[in-house]
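Let's take a walk through a protein chain together. Have a look at the picture first, and then we'll go through it piece by piece.

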Amino acid sequence: MGRIMAIDFGMKRTGIAATDEMRLIASGLTTVLTKDLMSYLEDYFNNEKVDELVVGEPTNANGTASPIERNIAFFIEDFQKKFPSISVKRENERYTSKMAFQTMIDGGLKRKKRRDKATVDQISATLILQSYIH
C-alpha cells in the first residue's frame, strides 16, 4: 500500500505532507516553489510509492470557489496526465492557514519563525492530510 500525499497549492509556494506507509500519521515534508512542484513530485515518486494525492480545496466564507481554484484545476489536469496511476482527491482547506498559525503559536515557535510562510504552507498541507485520513 502506498502513501497518501497532500498539497496546499499556492501561486508562489506549495506545502507538501505525506502519510507513513501504514497511512496512519500525516507529516509535513517540505514547501517547494510552485514552479518546481512537478519536478519535486517526480523525484519523490521515484523513491516512494504514493497511491493518492489530496489537493486542498480553498473556498470563500460563503462557500464559493476561491480565485486560485482555476490554477489548481490546471495543476490537477497536468498532474493526471503525468501521473495517471495516482488518484487525485480534494479536501476542504478552509481556515487551515489560520489553524497552522495557531499550531505554531501553541507549539512555542518564536515570532520570527511564525512569519515564515513556507512553514505555514507545510503545516497547512499536514492539516489537510490529517482531515482527509481521519
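How many of the seven residues of strand 2 are buried? The count is six, so strand 2 is mostly covered, taking buried to mean under 20% relative accessible area.

Before going further, keep in mind that this is a predicted model. The protein chain averages a pLDDT of 89, and 86% of the residues score at least 70. Among the elements, helix 1 (residues 37-47) has the highest mean pLDDT, at 98. Helix 4 (residues 111-114) has the lowest, at 64.

**The sheet**

Now for the strands. Five of them make an open sheet in the order 3-2-1-4-5, and the pairing is mixed. Strand 3 and strand 5 are the edge strands, each pairing on one side only. From one strand to the next, the twist averages 25°.

Strands of a sheet pair through backbone hydrogen bonds, either parallel or antiparallel. Strand 1 and strand 2 go for the antiparallel option, with four bridges, and a hairpin of four residues connects them. Strand 2 also runs antiparallel to strand 3 (residues 26-33), this time with seven bridges. The hairpin of strand 2 and strand 3 has six residues between the strands, and there Arg 23 takes a positive phi near 65°.

Want to find some partners across the strands? Try these:

| Residue | Opposite residue | Strand of the opposite residue |
|---|---|---|
| Ile 7 | Ile 16 | strand 2 |
| Asp 8 | Gly 15 | strand 2 |
| Ala 17 | Gly 28 | strand 3 |

**Helices on the sheet**

Which strands does helix 1 lie across? They are strand 1, strand 2, strand 3 and strand 4, and helix 1 runs at about 140° to strand 3. Helix 5 (residues 117-133) packs on the sheet as well, touching strand 1, strand 2, strand 3, strand 4 and strand 5. The direction of helix 5 makes about 40° with that of strand 2.

**The aromatic rings**

Next, the rings. The count comes to seven aromatic pairs. One of them is Phe 9 with Phe 75, a tilted pair with 5.4 Å centre to centre and 35° between the planes. These two come from distant parts of the chain: Phe 9 sits in the loop between strand 1 (3-8) and strand 2 (13-19), Phe 75 belongs to helix 2, and they are 66 residues apart.

Why does Phe 9 count as buried? The cut-off is under 20%, and Phe 9 has a relative accessible area of 10%, so Phe 9 passes. Phe 75 is buried too, because its relative accessibility is 7%.

Another pair is Phe 45 with Phe 83, which is edge-to-face: 4.9 Å centre to centre and 90° between the planes. This pair also links distant parts of the chain, 38 residues apart, with Phe 45 in helix 1 and Phe 83 in the loop between helix 2 and strand 5 (87-92). Both Phe 45 and Phe 83 are buried.

Put the ring pairs together and you get a cluster of Phe 9, Tyr 40, Tyr 44, Phe 45, Phe 75, Phe 79 and Phe 83.

**A serine in a loop**

One last stop. Ser 66 is found in the loop between strand 4 (50-57) and helix 2 (69-82). Is Ser 66 buried or exposed? Ser 66 is buried, because its relative accessible area of 17% is under the 20% cut-off. Leaving aside neighbours within four places in sequence, Ser 66 is in contact with Pro 58, Thr 59 and Asn 60.

Methods:
Residues numbered from 1 in each chain as written. Predicted model: local features only at pLDDT ≥ 70, side-chain atom pairs only at ≥ 80, totals over all residues. Heavy atoms only, no water. pLDDT = per-residue confidence, 0-100. Buried < 20%, exposed > 50% of the residue type's maximum accessible area, 1.4 Å probe, protein only. Contact = heavy atoms within 4.5 Å. Phe/Tyr/Trp six-rings, centres within 6.5 Å; stacked < 30°, edge-to-face > 60°. Pairing = 2+ DSSP bridges. Axes fitted to C-alpha atoms, helices over the stretch in contact; angles between N-to-C directions.
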